[in-house]
Amino acid sequence: MNFCRTESLIDTVTHYCPGCGHGIIHRLVAEVLDELGVREKTIATAPVGCAVLFYNYMKCDIIECAHGRSPAVATAIKRLLPENVVFTYQGDGDLAAIGMAETIHAANRGENITVIFVNNAIYGMTGGQMAPTTLLGQMSTTTEAGRGNNQEGPPIKVCELLSMLDGVTYLERVAVNDAKNVIKTKKAIRKGFLNQIEGRGFSMVEVLSMCPTDWKVSPLKAAEFVNIDMKSVFPLGVYKDEDGQ
Amino acid sequence: MSKVSKKVLLKGNEVMVEAALSAGCRFFAGYPITPQNEVPECMSRRMPEVGGVFVQAESEVAAINMIFGASATGTRCMTSSSSPGISLKQEGISYIAAGELPCVIANVQRGGPGLGNIRASQGDYFQAVKGGGHGDYKLIVLAPSTLPELYELTQNAFDYSDYYRNPVMILGDGILGQMAEPVELKEYKPIVTLPEKDWILDGCEGRDPRVIKTLYLYPSDSLAVHNAHLKKKYEQIASELELFEEYKTEDCELVIAAYGMTARIAKAAIRLARDKGMKVGLLRPISLWPLANSAFMRLAETAKKFLVVEMSNGQFIEDVRLATECSVPVEFFGYGGGWYPTPENILERIEKVYTL
Ligand SMILES: Cc1ncc(C[n+]2csc(CCOP(=O)(O)OP(=O)(O)O)c2C)c(N)n1
Ligand code: SF4
């Protein structure tokens with residue numbers, strides 16, 4: 001593998017914590033934009049969450065949206081600029097709690113956009129509260145005894161949920177806990193963008209990602225948590241692929 | 001040579017659609033709510049005919065955020081709703097104002113608070129002119145009182161919003177939206193020289209990437225700098241855009257202050273009062289923000305009294321008191337909850353306060 005600087009990334013230091021998955025995922029998205037040669041026609045949305053400063057790291061046009069509203073914003077942009085490449089980058093609170101309505105409806109309308117969904121099972125930016133994807137028994141600052149003791153309900157499985165919608169084209173869940181999975185994640189992201197470029201409709205890649213800071217574990221333990229705990233609740237794989245490739 | 005414009009009978013809600021499309025609006029997102037349903041319905045038919053995009057959004061929250069995205073591409077865009085839906089849009093409006101994105105938002109007001117009712121109301125005055133969403137921002141708020149004026153102001157609203165890079169609200173009500181009047185569908189002509197949109201997002205080919213954002217974390221005073229920039233813009237708007245109409249104010253002792261539909265009804269009442277020998281006139285602000293403070297002050301110097309008529313329990317009256325600097329007594333005639341006055345109702349009140 002040829003390791004060099006990606007054109008689509010700005011050469012700077014990020015604000016992410018050591019062991020955080022966001023940086024890896026940024027890099028993968030950037031590599032895909034480079035390889036597909038679409039950086040200059042790409043418009044991305046930045047979420048509210050730890051990736052809110054996305055525009056400091058990606059070298060493309062970016063609009064920073066209100067918490068959870070990226071799919072609605074991206075809907076309008078893509079409808080008006082169908083020749084451009086439009087993607088959202090969202091955390092689990094952004095996409096599956098406050099923005100669930102926007103997510104479901106953009107997906108079901110079959111908006112021809114790509115959604116990069118970073119599932120780290122926690123609210124990173126606000127300091128580690130429960131997310132819709134927090135595991136049963138997982139501790140957070142609002143579930144100190146572990147999720148499930150105060151009728152929080154089980155974690156929401158977004159790929160499974162969206163796979164029920166006829167309007168959706170492509171759903172895949174991947175992870176960035178180790179090199180093998182990172183390579184698979186890149187493949188999925190590439191496919192998510194290719195679908196859009198070829199006009200196939202709504203694609204979402206859910207990436208299981210590490211948040212050592214708010215999980216209050218070491219980066220190594222965080223990768224292990226993704227590998228063992230998260231994967232058993234959120235099985236990796238393709239949940240929908242309308243073109244069946 | 002300009003084309004001959006035709007006069008057609010339309011409902012207020014349809015008038016907004018025709019005006020918007022004539023002004024080059026090419027994106028509309030909305031959600032059904034009475035009494036503005038004809039706007040999305042008509043848009044869904046008409047927008048494809050002019051090559052634009054219509055989206056029925058899943059909520060008013062989604063609709064206003066679609067406007068956030070549409071405006072970022074440089075497309076003229078519009079959303080409409082009625083009171084409860086406008087409440088839901090407040091988050092997005094704050095972001096749009098912060099991001100200085102032009103767009104037009106129509107509020108066909110109904111009775112509130114809560115689900116209220118579906119009759120006309122002016123109960124959203126504070127929400128429209130004082131903010132409504134979070135943070136220090138201002139909307140340009142226009143209040144038409146006839147359908148020809150609604151047509152013209154809707155066209156102008158797109159110009160004001162592009163010119164100042166600021167959202168503009170058309171503040172109507174259920175009567176304005178539902179009534180029908182003959183309207184001349186005049187060809188659109190920009191009323192200002194429109195600035196080039198050198199901030200839009202359309203892919204960074206041949207230029208540096210652009211960012212539209214509303215977060216100002218670093219350096220620590222950058223938000224204060226941005227807010228100071230907005231404040232300066234609002235001051236500029238306030239100094240350039242005070243739209244109002246005066247009716248029979250030359251000699252008047254009593255000034256009726258009213259906007260939108262109530263102003264129109266007040267005109268009929270003033271004619272009745274004049275027939276009875278009472279010197280009554282009307283000051284009708286057309287822009288509610290900015291408000292024509294100088295016109296209020298000028299009339300306060302010669303008239304003895306003001307009478308505010310509004311379809312609420314008293315919101316606009318606070319700004320009338322401020323604009324006249326409490327230099328004259330300000331009487332009130334209004335009810336909240338989906339009430340509207342008849343000319344006779346207003347005349348009765350005029351007779352009471354005139355002799356006091
Ligand atoms: C309307 C609104 N509500 C709440 C917040 C506060 N807030 C900021 S980020 C965040 C959670 C983000 O979590 P997630 O989407 O999982 O992203 P992460 O930080 O974990 O990457 C919240 C609740 C906000 N900015 N806006
Ligand atoms: S708090 Fe978690 S998600 Fe946020 S930067 Fe740190 S590790 Fe990453």
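**Close-up 1. B:Glu100 and the residues it touches.** Setting aside residues up to four places away in sequence, B:Glu100 touches B:Arg165, B:His226, B:His229, B:Leu230 and B:Lys233. This is a predicted model, so keep that in mind for every view here. To find B:Glu100, look in chain B at the loop between helix H4 (83-98) and strand S5 (103-109). One of its partners deserves a second look: the side chains of B:Glu100 and B:Lys233 make a polar contact at 3.0 Å. Is B:Glu100 buried or exposed? With 10% relative accessibility, B:Glu100 counts as buried.

**Close-up 2. B:Val308 in its strand.** Here we're in strand S14 of chain B, which runs over residues 305-310 and includes B:Val308. The relative accessible area of B:Val308 is 0%, so B:Val308 is buried. What is it in contact with, once neighbours within four places in sequence are left aside? The list for B:Val308 reads B:Ala257, B:Phe316, B:Ile317, B:Val320, B:Val330, B:Glu331, B:Phe332 and B:Phe333. For a sense of scale, try B:Gly337: B:Val308 and B:Gly337 are 29 residues apart in sequence, and their C-alpha atoms are 17 Å apart in space.

**Close-up 3. Ligand 1, between two chains.** Ligand 1 lies between chains A and B. It is surrounded by 17 residues, and the closest are A:His22, A:Cys50, A:Asp92, A:Asp94 and A:Gly124. Which helix gives the most to this shell? That's helix H3 of chain A (residues 92-98), with four residues. Sorted by type, the shell around ligand 1 holds six nonpolar, eight polar and three charged residues.

**Close-up 4. Oxygen atoms of ligand 1 and their protein partners.** Zoom in on ligand 1 and follow its oxygen atoms. An oxygen atom of ligand 1 sits 2.8 Å from a backbone N or O atom of A:Cys50. A polar backbone atom of A:Met125 is 2.9 Å from an oxygen atom of the ligand. With A:Asn120 it's the side chain that takes part: one of its N or O atoms is 3.1 Å from an oxygen atom of ligand 1. How much of ligand 1 does the protein cover? On its own, ligand 1 has 590 Å² of accessible area, and the protein covers 77% of that.

**Close-up 5. The shell around ligand 2.** Now for the other ligand. The residues surrounding ligand 2 include A:Tyr16, A:Cys17, A:Cys20, A:His22, A:Cys50 and A:Asn120. Further along chain A, the shell around ligand 2 also takes in A:Gly124, A:Cys211, A:Pro212, A:Thr213 and A:Asp214. Helix H7 of chain A (residues 212-215) supplies the largest share of this shell, three residues. By type, the residues around ligand 2 split into six nonpolar, four polar and one charged.

**Close-up 6. Cysteines without disulfides.** How many disulfides does the structure hold over all chains? Zero. A disulfide is a covalent bond between the sulfur atoms of two cysteines. Take A:Cys60: the closest cysteine sulfur, in B:Cys204, is 6.7 Å from its own sulfur, and that's too far for a bond. A:Cys60 is also buried, at 1% relative accessibility. B:Cys252 isn't in a disulfide either, and its nearest cysteine sulfur, that of B:Cys326, is 19 Å away. At 4% relative accessibility, B:Cys252 counts as buried too.

Methods:
Residues are numbered from 1 along each chain as its sequence is written. Chains are lettered from A and ligands numbered from 1 in the order in which they are written. This is a predicted model: local features need pLDDT of at least 70, side-chain atom pairs count only at pLDDT 80 or more; totals for chains, interfaces and linings use all residues. Side-chain values use heavy atoms; hydrogens and water are left out. A disulfide is a pair of cysteine sulfur atoms within 2.5 Å. Buried means under 20% relative accessible area, exposed over 50%, partly exposed in between (1.4 Å probe, protein chains only). Helices (H or I, at least four residues) and strands (E, at least two) are DSSP runs, numbered from the N terminus. Contact means heavy atoms within 4.5 Å. A residue is near a molecule or strand if one of its heavy atoms lies within 4 Å of it. Ala, Val, Leu, Ile, Met, Phe, Trp, Tyr, Cys and Pro count as nonpolar, Asp, Glu, Lys and Arg as charged, and the others, Gly among them, as polar. A polar contact is a pair of N or O atoms within 3.5 Å; within protein, one must be able to donate a hydrogen and the other to accept it, and residues adjacent in sequence count only if both atoms are side-chain atoms. Accessible areas come from the Shrake-Rupley method with a 1.4 Å probe; for residues, only the protein chains shown count as cover.
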